[in-house]
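Here is a request for a short report on how one protein chain packs. The focus is on cores, helix crossings and a few buried positions.

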Amino acid sequence: MSERRRRTPNPGGDGQQPPGGGGRRGGPGPDELSSEGIGRRRPSGVRETAQQPRMTRAEMRKAAQKKGKGGGRRGGAAASASAAAAAGPGKKRFIDYPRFGKTGVRRWLPSWKQWLSGFLLFFAVCVGGVFYVYQTTQVPNANELMRTQNTIYYWADGTEMTRKGDTNRQIVELNDISPYLQNAVIAAENQSFRTDSGIDPKGMVRAVYNMAKGGETQGASTITQQYVKNAYLSQEQTLTRKMREFFITLKLNQQMSKDDILKGYLNTSWFGRGANGAQAAAQAYYGVNAKDLDLCQSAMLAGLLKGAAYFDPTNPANKERSQGRWSWILDQMVKTKAITPEERAKCTAFPDPVALKPSANMNGEISYLVDTANRYVMATDKTITQQMLDKGGLKIYTTFEKDKVDALKKAVDDVKAENLDPKKRPNNDTFVQFGAASIRPGDGALVAIYGGDGVENGHYDNNAEATGVQVGSTFKPFVLSAAMQVGVQTAKDDGKPKRINADSRYLSDDMSEIRKPDGSLVIGDDGKPYRQKNEDSGKRGYVSLRQAMQWSYNVPFVQLGQDVGGQAVADIAVQMGVKREGLADPKTATFPIGTSTISPIRMATAYGTLAASGKEADPYSVTKVEVDGKERAGFGKKDTKVALEPAVADNVTDVLVNVAKNGTGSKTNALGRPVAGKTGTTDKGRSAWWVGYTPQLVTSVAMWRENPSEHKRESLDGTAGKTDIHGGDIPTDIFTRYMKAALANEKKMDFPTPQPIGTEVDSSGAPSTATATAPPSPTATDTPSAPAQTQQPTQQPDHPQPPQPTQGGDCVPGVDCQPTPPPHTPKPSTSSCIPVVNCPPTQPTPTDTSTSGGGGKPGGGTGGGTGGGTGGGGGGKPTPTTTGGVPGGTGQ
């Protein structure tokens, strides 16, 4: 007999089997797996097999407790095992989970029956839930929901500025709305409107998916859904609102006819210009009743439903977009057979709307303040739309300070009254525009703007947000900041571009060739070596970057831009607060001298980074927004970001203090406190700028001419009876007058003392400082119309004199000299030529650091110095000539 079939002897040791027999058949015998008489017994008649399931200890204890035979843990387990095994798996469970008779992972995997049952149960719950929500959803009373409210704007001190939201709404019957407009709206918004169920499932899923993942929100697709959103729900884009919209749309589509839905939609839709509904829109845009709209006008109004802020042709930026949509809608009307091709052919000219009639409470600067606040609100909270703002129910608390807004407007108005006379000079003093912005550095709060003459005078564009005006030489501080922060590629420090300081010298001669960092020439569009023009034709040799900034020479900064790299300059400008979309192509040679078009608000922001020692603060105009009494998050001051090292920002500020005190911005000396800033004048005088700051306030002022009918920039030459207009003239005058009033109650503060930064890295060809002489003194002042001879005698003692030529001086006083220069007498020259100008050229010897030796910066030249000999002249303002230069080039 095999070992497997042999019975195990009695553990008692007497060799006898216990009663009941030990054969294969009959009563139970001892378990082969028993130990010391305690084991599991096989039920009678059950064949012994390895596949017979065994009970776990937990199951045996439960069985023992059920039979009431639990004498002890082991005894109870043994007795229950026998009973449970004899009874099989027991009573069947309603849900066999975990699954009986399975081991391991299979014990926890549901069977296909369980999967199917679960799915059917889930489906039934969903259907029941949808049915319940549908039955309990109530369609609100549209008349109660369409009540008019105001949006209220507040000054920084909490007092009310103005109210907006007296919505123009007039409910009319469908037969009082032009059939052309009805069909145009259907063709543009929902061509299947007459036959669909009111729901666009694909559009709903797409919108819900975008909202769930945090992407761009999308509106309802069908006219019925849009009507529900307009009349019954808020404009916010949330999943909850989207679900309510779905169920109300389903009910509404069953309760109302298509004509009633279309009537409701056309009476509640937003068309812009404060007009809700077709009747109000017809009056606002064309001065006619809705039933009298023709085909061409109807197509234009239908185009506004996609977004009045983007398709209102009143805004010049929207004109082309509006015309394109108008033409497309007419084509769609032909496609849907709403009109014939012959009718379509009659609409050849775009139907321009009538002039906008502004509300009286939006006169003066108020409309521009509201516009700036609205832009910020919508950019910060994407759920707030222009329609929400105009519909009302919001409270907007701004950063604008009434006294400063009034002071800025008064400064502009006074300067205009004193200088401009359109009747006397109609060809020069008309269409002159100004834009300005004033910001607290280190904070970003926008305290005042000047947006234009006022909507009551037909000026609707917000000039403080203007982005089409080139900034000219006000861009040069960004180039200097990049050179100090990033370094120049023409010299290396541990393999990296070498960081320079303002004492670095660059060639300033007019019409100089510009070289790339590798020494090759920059080639112009004509295929010839590019030559950069200055404001005048003088040749002043090599000057320090400090002096180049003081008198706004173009050549040094165009070359410096090449040495640093245009992309590095662009990146620094963006870090300081400029919007990248406002920048010109950084690969162009003239990029460093201001061909970019940046708004006054953003220019003030970037200069504010310098005033705050390198900390950039995003501009903000709103501190708090409440919608229907609930405050929205995300408004107010943002955390500052480090854009520049403090030493870099403070050194650039030190250079700009010299510009304001001794250079093209000397008119600011009348302010009587430390000021830093930079002038800017673009090619052919198409714009003039001054951007300046004190430690407490930064203000930018821009001036340009633009024919509103052509939207084309015109030259400022001849404006105010002057040959040409520069940034140091009218814009600087406005800045000074405004800042006097704005800072009247604030103490005078000095700028931080700059810490050393970088080293002197002269451009290729710069002579040794041991043989350099100072440049001659230019003959003109910052005010082109004033003779240079009369400027110097009127200087007050606290206003530094323009640099004067000195016999034997090696630097320009107040510009390049050390604070306490030791007495120095240069050695008499043994040559009759002037170094750098008419001496025989020597082999260029580029240097990375300043060379020790006799003193000052190179000068020399024939450009109008009043002193002769090798001593050269001072660093005065160059004689102004007709603005030239390459296209897009800049002057002062």
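The report below goes from the whole chain to its cores, then to three helices and three single residues.

## The chain as a whole

This is a predicted model. The chain has 892 residues, and 49% of them count as buried. It holds 25 helices and 22 strands. Contacts reach far along the sequence. Among those between residues at least 6 apart, 72% join residues at least 24 apart.

## Two nonpolar cores

The largest nonpolar core has 120 residues. Phe 475, Leu 560 and Tyr 738 touch the most other members. Helix α23, residues 646–662, gives the largest share of this core, with eight residues. A second, separate core has 47 residues. Val 185, Ala 187, Ala 281 and Tyr 285 are among them.

What does Tyr 738 touch, leaving aside residues up to four places away in sequence? Its partners fall in several stretches of the chain. Lys 404, Ala 407, Leu 408 and Ala 411 are among them. So are Ser 438, Val 447 and Ala 448. Leu 697 and Thr 699 complete the list.

## Helices α18, α22 and α23

Start with α22, which covers residues 600–611. α22 has 12 residues and reaches 16 Å from its first C-alpha to its last, close to the 16 Å expected at 1.5 Å a residue. Is α22 enclosed or open, and why? Of its 12 residues, 12 are buried, so α22 is largely enclosed by the rest of the structure. The buried set includes Arg 602 and Thr 605, along with Pro 600, Ile 601 and Gly 608. After α22 comes Ser 613, with a positive phi near 55 degrees.

Helix α23 gives a similar picture in its own numbers. Its 17 residues should span 24 Å at 1.5 Å a residue, and its end C-alpha atoms are 24 Å apart, which agrees. Of those 17 residues, 13 are buried, so α23 is largely enclosed by the rest of the structure.

Two packed helices are described by the angle between their axes and the distance between the axes. Two pairs involving α22 can be set out that way.

| Helix pair | Axes come within | Crossing angle |
|---|---|---|
| α18 and α22 | 11 Å | roughly 40 degrees |
| α22 and α23 | 8 Å | roughly 105 degrees |

Take the α18 pair. Helix α18 runs over residues 476–485. The angle of roughly 40 degrees makes α18 oblique to α22. The crossing of α18 past α22 is left-handed. On the α18 side, Pro 477, Phe 478 and Ser 481 make the contact. On the α22 side, Met 603, Ala 606, Tyr 607 and Leu 610 do so.

Now the α23 pair. How are α22 and α23 set relative to each other? The angle is roughly 105 degrees, and they are therefore roughly perpendicular. Tyr 607, Thr 609 and Leu 610 of α22 make this contact. They meet Ala 649, Val 652, Thr 653 and Leu 656 of α23. Tyr 607 and Leu 610 are thus listed in the contact with α18 and in the contact with α23.

## Three buried residues

Thr 474 lies in the loop between β8 (446–450) and α18. Its relative accessible area is 0%, so Thr 474 is buried. Thr 474 and Thr 679 are 205 residues apart in sequence, yet their C-alpha atoms are 5.6 Å apart. Thr 474 also touches Met 603 and Tyr 607, both buried residues of α22. Further partners include Lys 678, Gly 680, Trp 689 and Val 691.

Leu 420 is in another loop, between α17 (402–419) and β7 (432–439). Is Leu 420 buried or exposed? It counts as buried, because its relative accessibility is 14% and the cut-off is under 20%. The C-alpha atoms of Leu 420 and Ala 720 are separated by 5.1 Å, with their places 300 residues apart along the chain. Leu 420 touches Ala 720 and Thr 719. Its contacts also include Val 415, Arg 425, Asp 429, Val 432 and Phe 434.

Ile 261 sits in helix α9, residues 258–268. With 0% relative accessibility, Ile 261 counts as buried. Phe 193 is 68 residues away in sequence and 9.9 Å away, C-alpha to C-alpha. Ile 261 touches Phe 193, and its other partners include Thr 224, Tyr 227, Leu 252, Asn 253 and Met 256.

Technical notes. Residues numbered from 1 in each chain as written. Predicted model: local features only at pLDDT ≥ 70, side-chain atom pairs only at ≥ 80, totals over all residues. Heavy atoms only, no water. Core = buried A, V, L, I, M, F, W, Y, C linked by side-chain atoms within 4.5 Å. Buried < 20%, exposed > 50% of the residue type's maximum accessible area, 1.4 Å probe, protein only. Helix = DSSP H or I, 4+ residues; strand = E, 2+ residues; numbered from the N terminus. Contact = heavy atoms within 4.5 Å. Expected span 1.5 Å × (residues − 1). Axes fitted to C-alpha atoms, helices over the stretch in contact; angles between N-to-C directions. Parallel < 35°, antiparallel > 145°, perpendicular 65-115°, else oblique. Left-handed = near helix turned anticlockwise from the far one by under 90°.
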